[in-house]
Amino acid sequence: MKLLLQFPEGLKQFALKHARKLESEGHEVYISATPNFGACDLAIDEAKALGADKLMHFGHAEFSKVDFPVEYLFYPIDAPLEIIESAIKALGKYNTIGLVTTVQHIHQLEQVKGEFEKLGKTVLIGKPYGFAKHQGQILGCDIGSSATLDRKVDCHVYFGGGLFHPLGALYNTTKPFFAIDPFINKFLFLDGYREEHKKRERGKIMRSIEAKRFGILVSTKNGQTNLNLAKVLKRKIELYGCEAAILVANTFDFDYLNNLMEFDAFVNTACPRLTTDDNERLRKPLLSANNVMELLAMREGPKIAQKSQN
Ligand code: SF4
């Protein structure tokens, strides 16, 4: 079989090992070197261009149905558990805990839960909204496993590496949020990020207050395309007497987006985390659909009657 292998950035270090194994089994093997952000971002165009029989996507579960054969390969990682006991003790007065992790550690969730229970804590495991597939799992764009428990818990605890996943959940919950990072042996209190996020959101809206020309970002990635939302936003913006155009790319590179200087603000319909993270390089504000609705609500009512648009 002709195979294209695709790995998220954290697993690319193991790509050659897998390619060798598959080649030794008689397959013709290629490795995608394009950046990968999730199963929302399958290298289907590359696979088709190669005439591959199948795309083998490592590290993520299926995100959305696609018109190409894809095999998803679960990539569990055993995180060390030494830090758990001291972290649980540091939780002190918080007794009912909402526990979440990423797909890589989902197989350890019951064990981690057991450690909390041994020290007298009650642990609740929530349900994702849909993009994530396992109870207690969070994705950058599916924080349901935390959000659905927010009213029932005293605090939330994320178990796993890095801040990308817990920050998405933090922004969408209200209770104290902790992270146990077993890879750097740290127990972190994250609530300060929530305040910063709120300030940034408010700042973006204020910077867009006079904006007249909006560029609406639509990604062609399999799990990120939202053309309908973009069209609705375009119509809505135009109703308020502003101009809007839909900008299309697979991956939005902010350095290049900066060349579209006619726009006063951009509106994101692709990965929701583009709006909240890592957009400092963009010179103009990058708004979410909700930000746009908030912004328009602050302006005088629609300048063009709805009827005249039909
Ligand atoms: S957070 Fe963004 S990159 Fe991650 S799975 Fe969701 S859409 Fe894809």
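This is a short group-meeting talk on the predicted model shown above.

Hi everyone, and thanks for coming. Please keep in mind throughout that we are looking at a predicted model. Let me begin with the whole protein and then walk through its parts.

The protein has 310 residues, and 36% of them count as buried. Its secondary structure comes to 11 helices and 13 strands. If you follow the C-alpha trace along its principal axes, the protein spans about 65 × 60 × 30 Å. Now take the contacts between residues at least 6 apart in sequence: 62% of those join residues at least 24 apart.

How is the protein divided into domains? Domain 1 covers 2–73, domain 2 covers 84–189, and domain 3 covers 198–309. The centres of domain 2 and domain 3, taken over C-alpha atoms, are separated by 32 Å. Where these two touch, 4 residues of domain 2 are in contact with 4 residues of domain 3. On the domain 2 side of that contact we find 2 nonpolar residues, 2 polar ones and no charged ones.

Let's start at the beginning of the chain, with strand β1. Of the 5 residues of β1, 4 are buried, so this strand is largely enclosed by the rest of the structure. Its partner is strand β2, residues 28–31, and the two pair in the parallel sense over 4 bridges. One pair to look for is Lys 2, whose bridge partner in β2 is Glu 28. For anyone new to this, strands of a sheet pair through backbone hydrogen bonds, either parallel or antiparallel.

Now zoom in on Gln 6, which lies in β1. Is Gln 6 buried or exposed? Gln 6 counts as buried because it has 28 C-beta neighbours inside 10 Å, and the cut-off for buried is 20 or more. Leaving aside residues up to four places away in sequence, Gln 6 touches Ser 32, Asn 36, Leu 42, Ala 43, Leu 55, Met 56, His 57 and Phe 58. Take Leu 55: Gln 6 and Leu 55 are 49 residues apart in sequence, while their C-alpha atoms are 7.2 Å apart in space.

Helix α1, residues 15–24, gives us another picture. The number of buried residues among its 10 is 0, so α1 lies largely in the open. Just after α1 comes Gly 26, with a positive phi of about 100°.

Let's move along to helix α6, residues 164–171. Here 7 of the 8 residues are buried, so α6 is largely enclosed by the rest of the structure. The buried ones are His 165, Pro 166, Leu 167, Gly 168, Ala 169, Leu 170 and Tyr 171. What covers them? The cover includes β5, α5, β7, β8, α7 and α10.

Two of those covering elements also pair with each other: β7, residues 155–159, and β8 run parallel and are joined by 4 bridges. In that pairing, Tyr 158 has Ala 179 in β8 as its bridge partner. Strand β8, residues 177–181, is mostly covered, with 4 of its 5 residues buried.

After β8, look at the loop leading to β9, where Asn 185 lies. Phi of Asn 185 is near 60°, a positive value in a residue other than glycine. Asn 185 counts as exposed because it has 12 C-beta neighbours inside 10 Å.

Next, an open sheet. It is formed by 4 strands in the order β11-β10-β12-β13, with parallel pairing. Which are the edge strands? They are β11, at 243–249, and β13, at 286–287, and each pairs on one side only. Helix α8, residues 227–239, packs on this sheet and touches β10, β11 and β12. The direction of α8 makes about 175° with that of β10. Strand β12, residues 265–268, runs parallel to β13, and 2 bridges join them. Within that pair, Val 267 stands opposite Leu 287.

Finally, the ligand. Which residues surround it? They are Phe 37, Gly 38, Cys 40, Leu 139, Gly 140, Cys 141, Gly 223, Gln 224, Cys 271 and Arg 273. By class, this shell divides into 5 nonpolar, 4 polar and 1 charged.

To recap one contrast: α1 has 0 buried residues out of 10, whereas α6 has 7 buried out of 8. Thanks for listening!

Definitions and conventions. Residues numbered from 1 in each chain as written. Predicted model: local features only at pLDDT ≥ 70, side-chain atom pairs only at ≥ 80, totals over all residues. Contact = placed C-beta atoms within 7 Å. Pairing = 2+ DSSP bridges. Axes fitted to C-alpha atoms, helices over the stretch in contact; angles between N-to-C directions. Near = placed C-beta within 6 Å. Nonpolar A, V, L, I, M, F, W, Y, C, P; charged D, E, K, R; others polar. Domains from an automatic or database assignment.
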